[in-house]
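Trainee: Please take a close look at a single part of this model, the sulfur atoms and whether any are bonded, and then place that part in the rest of the fold.

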Amino acid sequence: MSNESNETFNPELDLVLERIVEVPVELVWNAWTKPEQIIHWFTPAPWKTIDCRIDLKPGGEFYTMMESPEGNHFPNNGCFLEVDPFKKLVFTDSLLPGYRPSGNSFMTAFVTMEPIGNATKYKAVAKHKDPETKKQHEEMGFMDGWGTALDQLVAFTKNLPK
């Protein structure tokens, strides 16, 4: 798969969050790829991520369990499609680990990170199957939710022991 097809943005189907964060790319990568770190920042408060499993390879598992403020649990299971260390993660809920079809498809996410000095150019793209699914994700608060999660990632990494 060429980068061009991965990076093509369709405003009718895709949502994008792009920002420069004052965190080195290594810390952003670790926050995304270590379950013990993801549980601290991945879900916008007051929601929580209470479980995470990662098998960091194409076809490997990317699983999170979210908990609502009311205590309801929402499992999210998917698989990695692409893992390019310190540069890019691509994962989807369309497939389960081992590329098994999930029967459930909401989005495929592309998270890229590029070092800019001691900061990171961060980009998250959520690709959807149809305009209705994109609209649903937008109305669920994609920009606020993913933006808040990114703020939480930055705050978490800045508090890590040096």
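Mentor: A disulfide is counted here when two cysteine sulfur atoms lie within 2.5 Å of each other. The model is a predicted one, and a search of the whole structure finds zero disulfides. For Cys79, the closest cysteine sulfur is that of Cys52, at 14 Å, so the pair is too far apart for a bond. Taken from the other end, the sulfur of Cys52 has Cys79 as its closest partner at 14 Å, again too far. Burial is a separate matter, with buried meaning under 20% relative accessible area. Cys79 has 0% relative accessibility and therefore counts as buried. Cys52, at 9%, also counts as buried.

Now the surroundings. Cys52 falls within β2, which covers residues 48-54, and Cys79 falls within β4, residues 73-84. Before β2 comes a loop from α3 that holds Pro46. The peptide bond joining Ala45 and Pro46 is cis, with omega about 15 degrees. After β4, the loop to β5 contains Phe86. Phe86 has a phi near 65 degrees, a positive value in a residue other than glycine. With a relative accessible area of 36%, Phe86 is partly exposed. A second case is Tyr99, whose phi is also near 65 degrees and positive, again in a residue other than glycine. Tyr99 sits between β6 (95-96) and β7 (100-101), and its relative accessible area of 41% makes it partly exposed.

Strand pairing comes next. β5, residues 88-92, runs antiparallel to β8 and is joined to it by five bridges. In that pairing, Leu89 stands opposite Val111 of β8. β8 is also joined to β9, antiparallel, by nine bridges, with Ala109 opposite Ala126 of β9. β8 and β9 make a hairpin with two residues between them. Gly117, in the turn, has a positive phi of about 65 degrees.

Both of these strands return when the C-terminal helix is examined. α5 spans residues 142-158, 17 in number, and reaches 24 Å from first C-alpha to last, close to the 24 Å expected. Its buried residues include Phe142, Trp146, Leu150, Leu153 and Phe156. An α-helix has 3.6 residues a turn, so residues three or four places apart point the same way. The buried set of α5 also includes Gly145, Ala149, Gln152 and Thr157. The cover over the buried residues of α5 includes β8 (108-116) and β9 (119-127). From elsewhere in the chain, β1 (14-21), α2 (25-33), α3 (35-41) and α4 (131-139) are also among the elements covering them.

As for the whole, the protein has five helices and nine strands, in the order α-β-α-α-β-β-β-β-β-β-β-β-α-α from the N terminus. Its radius of gyration is 15 Å, which agrees with the value near 15 Å for a compact globule of 162 residues. The C-alpha atoms fill a box of roughly 45 × 40 × 30 Å along the principal axes. Of the 162 residues, 42% count as buried. Among contacts between residues at least 6 apart in sequence, 47% join residues at least 24 apart.

One annotation belongs with this. An unreviewed UniProt entry lists residues 23-155 as "domain: Activator of Hsp90 ATPase homologue 1/2-like C-terminal". Over that range the chain is 29% helix and 40% strand, and the end C-alpha atoms of the range are 9 Å apart.

Terms used
Residues numbered from 1 in each chain as written. Predicted model: local features only at pLDDT ≥ 70, side-chain atom pairs only at ≥ 80, totals over all residues. Heavy atoms only, no water. Helix = DSSP H or I, 4+ residues; strand = E, 2+ residues; numbered from the N terminus. Expected span 1.5 Å × (residues − 1). Buried < 20%, exposed > 50% of the residue type's maximum accessible area, 1.4 Å probe, protein only. Contact = heavy atoms within 4.5 Å. UniProt positions renumbered as here; feature names shortened; annotations may be inferred. Pairing = 2+ DSSP bridges. Rg over C-alpha atoms; globule rule 2.2 N^0.38 Å.
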